[in-house]
Each structure stands twice: as structure tokens, then as C-alpha cells.
Amino acid sequence: MGVGVAFVVHPELRHSPSTRPAEQMLAEAALLAEAIGLHVGHAETINLTTVRAGSFFGKGVTERLAELASSYDDPVVIVNTALSPVQQRNLEMAIAAKVIDRTQLILEIFGARAQTHAGRLQVELAALSFQRSRLVRSWTHLERQRGGGGFLGGPGERQIELDRRMLMRRVAQIKLELKDVVRTRSLQRRNRVRGETPTIALIGYTNAGKSTLFNRLTGAAVLSKDMLFATLDPTMRELVLPSGRHAILADTVGFISQLPTELVEAFKSTLEEVVHADLLIHVHDAASEFVSEDADDVTLVLQELGLDEARQQQSVLHIFNKTDLLTDDDQRVSLGKKYVGGVFASAQDGSGIADALEAVDRHLGRDAVQTILQISPEDGAARAWLYAHAHIRDSRFDDAGCESLTVSISLADHARFLARWPHLDQPM
């Protein structure tokens, strides 16, 4: 079966223009279509003065799209905005082709990317939430074009059979299953806290290179491709920092402008790793001409998750990735001024990675104090704890076998240490 053809249309409203240039919004929508294996046969921006309540576009636009569609076998028209059920249905009738909007397109991508049971549940919940007012066969067209491999085993096929009551029953069932996921993740998180291991979450606009950076930092082999939403399910690995401190690094789903509300709600259990992380590494595509716009969209999603501006300033470290592709010195200077303390690096060639690790280490140890502790041979457990949780700057033994340790340790860890071994309290 051949590759499906997509027509990508970005509507630009004169009275309410996009926050980004229209050509960039159109290019991003085309990349989203390609991310699920569709061939973009036509892409254009359509300037609109008014929006038709019944069909979004006027008669002239729909007739032109219908004529274009008639020369292709079973194309799909992607409208890069949110359509009402009535607008979608009327456009399909006027164009005589399948029509989906931006939300449905992103849902389709997430469905194709989800690998874990939790991820698939979250995608299905988002899809069903979106379908509540529609109950139409939104995905069967794309499934035919890609050989019948639509997400979740074909929810589009199922939608035509479900009435609203059955749909709501399934939504309730998924939410119950997701409660178990949340409970399990909360338990895992409590275990990490009990083990006093800090958590670091990679965040950023989709395709900024988070997974490549994750692989570079941890030596993992997470899928990393030059495409939007290459990975979806969160992955965690241990990270050893230059000081010897251990941390857990989490690779999370990429953000995107106009991220559907249904997805933000459905994926809150996944994104809790972001909310509870000790440090957020915001990965930027430094070579992108829209790096500032991308960063603003990430900030908005973080705000939706409950991280206000003060919390973001306190817990976010900026890493400017893909500097091997950065040719504009002015952009480098501008980014350095806007995000003070940011690090320029390339996950692809490894440049700047050592600086990035040092910056992470400094951030996690920014409240650290330096002290000298005298450890006797009987205090082997205390010594092992210090080597696991503090930065050992100097170690010296006396004739009696006592070790004098000069350590850099966070205030919290220092308090924990003294609570366990109060007899080792020394003047700081």
C-alpha cells in the first residue's frame, strides 16, 4: 500500500494572527504530518478575514481544495487549527475527503508513539475526551493509508459502535487504571526521596534534541530521530556527576505550541516527574530561528502544570543544544544575555557536555557547605554514606586510622548526616 497523501493548510486570521510567523506554523504542521508517515502533497497558508461558523473556510477555498483533492487517491486534509465538529463534517462533505484538525493530528502521533501500557492508556483517554462531542470515525482514514496500524488497535473503528454512555464508561475505566499508574509512580518517587537521590527532568520543545542529549549524558540508547515527538514515554537512567553525586535523569515528552488540552490533562501523571523534579533542564534548539518562541511555549506548558514563574527561575537550567549547527554569533550572544547561566553544548558531537554536567552539579549543590569531619574506623557506615552523598575534597588518615574528610555537602544532606551520626558533629 502506498504512502498516504496529505494537504496541509494553515489558516491565518487577520484579526487574530498566530504568535509565530505563518510560514513557521505551516512548516511545523507539515512535519507533524510526516511524523506519522504521510506525504505532504500540498501545503499553503490561507489568509482569512472572517471564519465561517459552518465550514470555517469560505466557498472559494473549499471548492479549490475539492478540485485539488479530486486528483489524488484518498487524500487527507489537515487544517492547522481547532475545528468544531460541524465545521469538520461540512468541510469533509464539501471537499469530499477526510479532514482532521491540529488536535486530531497530534493525538494520532501520540497514539503511534506510545509504547508502554500507561502511555497507551493516556493517549486513549485523550482521544476519548476529544471524541465526546463527536463520536465519529476520525482515525479509520489514516489507518487505511498506513496499512491498518492505527493507534490503540483502531479506536476509530470502535467509535462508530460506541454510544456516549459506553464511551463515558470506558473513560471511567481508564481513569481507574491510571490511578494505579499514579500510585506506582508515587511509590517509586517516594523510594527515590527516601534514598535521597535527586531527580532531573529534561524538558523542551519537541525536536530540540532532548533524547540525543539524554543518550550522551547517560550512555543510554533511547530512540532519537530528527522528527517531532520521536519519543513519548518517559525514560529514566542514573546519572553520575563530576562531584561523584548520583542523580536520576528523566527524558520527557517534547512540548509544542497549542498542545491540546486533552493531552495535557491525560499526561499529567507522566508529567508529574517534571513537577516533582529537583532540577529541570530546559533543552533549547540553539540553531532554530524560533528558539525564543519555542521557549515561551515550554514556559506556558510548565505554568499549566502548576510551576509559576518563581519556581521556574529557581529550578530551571538552560542548555542550548545543537551549537554545532549554530552559525549566528548574534544569536549566541542574545541567548547568553536572556538566559544567564545557560550552557552551550552539542549532544551530537559532545562539545560543551562537560560544562553542562558541571552546571548541573553546581545547581544541585548550590546550597552546599564545606566542612571537615573526623571519621574513626568504627564509623564505616558514616564514611560510606559521605562518599555516596557528598563531594569529598580531601581525605587524610592519622596513625590511629582515623580519617579526616574535607567534604562539600548540601545543607539538607548535612542535617541528615548529623541526625544519623550526631556524635560526629564538628564545628563548621
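A contact here means that heavy atoms lie within 4.5 Å. The exercises below use that term for a predicted model.

**Exercise 1. Find where Thr 218 sits and which residues it touches, leaving out residues up to four places away in sequence.**

Solution. Begin with the secondary structure, where Thr 218 belongs to helix α9, which covers residues 210-218. Next take its accessibility: with a relative accessible area of 21%, Thr 218 is partly exposed, since the buried class requires a value under 20%. Then list the contacts, which are Arg 237, Glu 238, Leu 239 and Leu 249. For one of these residues the separation is also available, since Thr 218 and Leu 249 are 31 residues apart along the chain while their C-alpha atoms are separated by 8.1 Å. Finally, look at the side chain of Thr 218, a polar atom of which lies 2.7 Å from the backbone oxygen of Phe 214.

**Exercise 2. Describe the sheet that contains strands β6 and β7, and state which strands form its edges.**

Solution. Start from the strand order, which reads β6-β7-β5-β8-β9-β10 in an open sheet of six strands with mixed pairing. The edges follow from the pairing, as β6 (235-240) and β10 (343-344) each pair on one side only. Now consider the pair β6 and β7, where β7 comprises residues 246-251: the two strands run antiparallel and are joined by six bridges. Within this pair, Glu 238 has Ile 248 of β7 as its bridge partner. Glu 238 has already appeared above, among the residues that Thr 218 touches.

**Exercise 3. Decide how strand β3 is placed between its partners, and whether its two faces are covered or left open.**

Solution. Take one partner at a time. Strand β1 (residues 5-13) pairs with β3 in the parallel sense over four bridges, and here Val 8 stands opposite Ile 78. Strand β4 (residues 98-101) likewise pairs with β3 in the parallel sense, over four bridges, with Val 77 opposite Val 99. Then turn to the faces of β3, which spans residues 76-79: Val 76 and Ile 78 lie on one side, Val 77 and Val 79 lie on the other, and all of them are buried, so that both faces are covered.

**Exercise 4. Test the length of helix α12 against expectation, and locate its buried residues.**

Solution. Helix α12 consists of 14 residues, 291-304, and at 1.5 Å a residue it should span 20 Å. The expected span is 1.5 Å times one less than the number of residues. The end C-alpha atoms are 20 Å apart, which agrees with that expectation. The buried residues of α12 are Val 291, Asp 294, Ala 295, Asp 297, Val 298, Val 301 and Leu 302. They are on the same side of the helix, because they cover an arc of only 160 degrees around its axis. The general background is that an α-helix has 3.6 residues a turn, so residues three or four places apart point the same way. After α12 comes Gly 306, whose phi is positive, near 100 degrees. Two of the buried residues, Asp 294 and Asp 297, return in the next exercise.

**Exercise 5. Survey the salt bridges, and classify the residues of selected pairs by accessibility.**

Solution. The search of the whole structure finds eleven salt bridges. In general, side chains of opposite charge can pair when their charged atoms come close. The steps below treat some of these bridges in turn.

- Glu 92 and Lys 98 meet at 3.1 Å, N to O; Glu 92 is partly exposed at 21%, whereas Lys 98 counts as buried at 12%.
- Glu 177 and Arg 170 meet at 3.7 Å, N to O; Glu 177, at 24%, is partly exposed, and Arg 170, at 21%, is partly exposed as well.
- Arg 396 and Asp 394 have their closest N and O atoms 3.0 Å apart; Arg 396 is exposed at 59%, while Asp 394 is partly exposed at 30%.
- Arg 20, Asp 294 and Asp 297 are linked in a network of salt bridges, and both aspartates are among the buried residues of α12.

**Exercise 6. Summarise the protein chain as a whole.**

Solution. Its secondary structure comes to 17 helices and 13 strands. Of its 428 residues, 52% are buried. Among contacts between residues at least 6 apart in sequence, 70% join residues at least 24 apart.

Conventions
Residues are numbered from 1 along each chain as its sequence is written. This is a predicted model: local features need pLDDT of at least 70, side-chain atom pairs count only at pLDDT 80 or more; totals for chains, interfaces and linings use all residues. Side-chain values use heavy atoms; hydrogens and water are left out. A salt bridge is a side-chain nitrogen of Lys or Arg within 4 Å of a carboxyl oxygen of Asp or Glu. Buried means under 20% relative accessible area, exposed over 50%, partly exposed in between (1.4 Å probe, protein chains only). A polar contact is a pair of N or O atoms within 3.5 Å; within protein, one must be able to donate a hydrogen and the other to accept it, and residues adjacent in sequence count only if both atoms are side-chain atoms. The arc is that of the directions from the helix axis to the C-beta atoms. Two strands pair if DSSP finds at least two bridges between them.
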